[in-house]
Amino acid sequence: MADPGSKRGMVFSAASAVLFGVTPAVASRIYSMGGNAVTLTFYRNLMAVAVPVLLALLGLEGVSLRLTRREAGLLLLMGAGFRVTTTLMLYQSYLYIPTGMATTLHFLYPALTALLCRARFRERLGPWKLFALGLSGLGALCLLELGAGTDPRGVLLASSSALTYACYLIGLDKTALRDMHPHKAACYMGLLNAAAMLAVGLPTHQLRLALPPAALGLSFLLAVSTSFLAVSLLQWGIRLLGASSAALFSMLEPITSVAVGCLALAESVSRRSLLGCALILAGVALTALAGQRQAVEK
């Protein structure tokens, strides 16, 4: 019988990916009201920290917001050093290449996460996980459309964001942050991201504090669904599965983005994109089956 913890980890990781996958469709609506990437990231993270539900949950669960020096240092490294850097490089890449291409390159991070875990921590990947990684990677390539005029600066920035995000996921798994309550971690990560966007947005005049009420409402919706729920679910998933397996389930995010784009924004999907989605789903399914098989063998 499969380990219930592994099943919960799969569900948490997949749910996190689906919530993140809805973000582009909602973001495009906010952009049409005068928002932009820096403004949305700022409000999304700031509102998540101020969410009464989050603060109430921390209080009800008796979780102290106090940090040790070690925890503060790790949060600064993982939050400002990796997660914030990931956001900035990914959004900066949008200036040079299409957002779809940048997002696809960013999703090299599951493979990088597995490879780094193997190289640094000698994690055994096994043939099933390697095959699943290969399928998911091939699926991501199917979603990638490189043109003759592709700016290498954008490709470098988006690819680098995959590396820093892989380091962020590994940090959540292999450091003391693994034992930190996910809601507490989400709170501090939100503060760090909001502070970074404030520091970048004000001098560059990209931060637009005055948004229509509808845009602010949608930003609050994203704050609850992504910067609060999705981030917490991802940390739970990493705790139960490990960084490399949780990262593979995160590949459901681009599939969700494609599906929501079709249904909500009437975007067209090519056969190549459909093939890419099918390969990614096959990779995720293989990861789930491999996890259940390992649990049974134990």
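**Thirteen helices, and why the labels fit**

Of this protein's 298 residues, 51% count as buried. The model is a predicted one.

Q: What makes this an all-helix chain, going by its helices and strands?
A: The count does it: there are 13 helices and zero strands. Read from the N terminus on, the elements go α-α-α-α-α-α-α-α-α-α-α-α-α.

Q: How do you know how far apart in sequence the contacting residues are?
A: Take the contacts with a separation of 6 or more: residues 24 or more positions apart account for 90% of them.

Q: Are H4 and H8 called roughly parallel or roughly antiparallel, and why?
A: Helix H4 (residues 69-93) packs against helix H8 (residues 152-174) at an angle of about 155°. Anything over 145 degrees counts as roughly antiparallel, so H4 and H8 get that label. Their axes are 8 Å apart, and the crossing is left-handed.

Q: Which residues make the contact between H4 and H8?
A: H4 brings Met78, Phe82, Arg83, Thr85, Thr86, Met89, Leu90, Gln92 and Ser93. From H8 come Gly154, Leu157, Ala158, Ser160, Ser161, Thr164, Tyr165, Cys167, Tyr168 and Gly171. Sorted by class, the contact of H4 with H8 has nine nonpolar, nine polar and one charged residues.

Q: How do you know what helix H9 should span, and what do its end C-alpha atoms say?
A: H9 covers residues 182-204, which is 23 residues. The expected span is 1.5 Å times one less than the number of residues, and for H9 that comes to 33 Å. The end C-alpha atoms of H9 are 32 Å apart, so the two values agree.

Q: Why are H9 and H10 called oblique?
A: Their axes cross at roughly 130°. Roughly perpendicular covers 65 to 115 degrees and roughly antiparallel starts over 145. The angle of roughly 130° fits neither range, so H9 and H10 are oblique to each other. The axes come within 9 Å, and H9 passes H10 in a right-handed crossing.

Q: What meets what between H9 and H10?
A: On the H9 side you'll find Pro182, His183, Ala185 and Ala186. Facing them in H10 are Ser227, Phe228, Val231, Ser232, Gln235, Trp236 and Arg239. Split by class, the contact of H9 with H10 has six nonpolar, four polar and one charged residues.

Q: Is alanine 186 buried or exposed, and why?
A: Alanine 186 is found in helix H9. Its relative accessible area is 2%, and buried means under 20%, so alanine 186 is buried. Leaving aside neighbours within four places in sequence, alanine 186 is in contact with Ser227, Phe228, Val231 and Ser232. Alanine 186 and serine 227 are 41 residues apart in sequence, yet 6.9 Å apart in space, C-alpha to C-alpha.

Q: What makes tryptophan 236 partly exposed?
A: Tryptophan 236 is found in helix H10. Its relative accessibility is 27%; partly exposed is the band between under 20% and over 50%, so that's where tryptophan 236 goes. Not counting residues up to four places away in sequence, tryptophan 236 touches Phe12 and Pro182. Its C-alpha atom is also separated by 9.9 Å from that of valine 11, which is 225 residues apart from tryptophan 236 along the chain.

Q: And asparagine 193: buried or exposed, and how do you know?
A: Asparagine 193 lies in helix H9. Buried means under 20%, and at 2% relative accessibility asparagine 193 counts as buried. Its contacts, leaving aside neighbours within four places in sequence, are with Asn45, Arg83, Val84 and Thr87.

Q: What does the phi of histidine 205 look like?
A: It is near 60°, a positive value in a residue other than glycine. Histidine 205 comes just after H9, in the loop between H9 and helix H10 (213-241).

Q: Why is histidine 205 called exposed?
A: The cut-off is over 50%. Histidine 205 has a relative accessible area of 68%, so it is exposed.

Q: How do you know whether serine 268 is buried or exposed?
A: Serine 268 is found in the loop between helix H12 (252-265) and helix H13 (271-297). Exposed means over 50%, and serine 268, at 74% relative accessibility, therefore counts as exposed. Serine 268 and valine 258 are ten residues apart in sequence and 9.1 Å apart in space, C-alpha to C-alpha.

Key. Residues numbered from 1 in each chain as written. Predicted model: local features only at pLDDT ≥ 70, side-chain atom pairs only at ≥ 80, totals over all residues. Heavy atoms only, no water. Axes fitted to C-alpha atoms, helices over the stretch in contact; angles between N-to-C directions. Helix = DSSP H or I, 4+ residues; strand = E, 2+ residues; numbered from the N terminus. Parallel < 35°, antiparallel > 145°, perpendicular 65-115°, else oblique. Left-handed = near helix turned anticlockwise from the far one by under 90°. Contact = heavy atoms within 4.5 Å. Nonpolar A, V, L, I, M, F, W, Y, C, P; charged D, E, K, R; others polar. Buried < 20%, exposed > 50% of the residue type's maximum accessible area, 1.4 Å probe, protein only.
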